[in-house]
Amino acid sequence: MDYVCMVLGILFMAGGIIFAFGKIYQHIPAWQKMSDEEKNKIKIKPICQNIGGMIALNGIIFVLKGCCAGFSDQMFSGAIIIWLVIAGFDVYYISKSSRYINQ
């Protein structure tokens with residue numbers, strides 16, 4: 001059992017869940033520096049749910065590495081690479097989708 005991966009996984013999952021419920025975004029410096037006009041153009045709750053889910057998914061990968069002996073280093077590296085690709089597509093989707101913009 002890899003305790004470092006377990007602790008990191010639990011922290012990522014907790015942070016992702018808290019972010020998904022919209023409890024953290026107010027503390028992000030970029031959000032604080034935005035004008036009210038810019039903030040009103042953004043649907044922040046769906047973005048928080050999306051990003052929080054991605055962070056929690058990363059936490060699940062770390063927990064699997066920490067508690068499953070069959071989850072080898074190669075499988076872990078592959079899972080993180082797949083997660084990075086999915087996260088990249090997710091960022092692209094967020095930037096192009098009208099789902100996150102108040103009309």
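A residue counts as exposed when its relative accessible area is over 50%, and as buried when that value is under 20%. Keep that cut-off handy for this tour of a predicted model.

Start with the whole chain in cartoon view. You should find five helices and zero strands, so to speak an α-α-α-α-α run when you read from the N terminus. Turn on the principal axes if your viewer has them: the C-alpha trace spans about 50 × 25 × 20 Å along them.

Next, select every pair of residues in contact with a separation of 6 or more. Of those contacts, 65% join residues 24 or more positions apart.

Now switch to a surface. The accessible surface of the chain is about 6,900 Å², and carbon and sulfur atoms own 69% of that. Colour by burial, and 32% of the 103 residues come up as buried.

Charges are a quick stop. Select the charged side chains: 9 are positive and 6 are negative. Drop a marker at the centre of each set, and the two markers sit 7 Å apart.

Last, go to helix H1, residues 3-20, and pick out Leu11 there. Is Leu11 buried or exposed? Its relative accessible area is 55%, which is over the 50% cut-off, so Leu11 is exposed. Add Val4, Val7 and Leu8 to the selection: together with Leu11 they form a nonpolar patch on the surface. The accessible area of these residues together is about 360 Å².

Terms used
Residues are numbered from 1 along each chain as its sequence is written. This is a predicted model: local features need pLDDT of at least 70, side-chain atom pairs count only at pLDDT 80 or more; totals for chains, interfaces and linings use all residues. Side-chain values use heavy atoms; hydrogens and water are left out. Helices (H or I, at least four residues) and strands (E, at least two) are DSSP runs, numbered from the N terminus. Buried means under 20% relative accessible area, exposed over 50%, partly exposed in between (1.4 Å probe, protein chains only). Contact means heavy atoms within 4.5 Å. Accessible areas come from the Shrake-Rupley method with a 1.4 Å probe; for residues, only the protein chains shown count as cover. Lys and Arg count as positive and Asp and Glu as negative; His and the chain ends are not counted. The place of a charge is taken as NZ of Lys, CZ of Arg, CG of Asp or CD of Glu. Patches are made of residues with over 30% relative accessible area and no salt bridge: like charges are joined within 9 Å, nonpolar side chains (Val, Leu, Ile, Met, Phe, Trp, Tyr) within 5 Å. A salt bridge is a side-chain nitrogen of Lys or Arg within 4 Å of a carboxyl oxygen of Asp or Glu.
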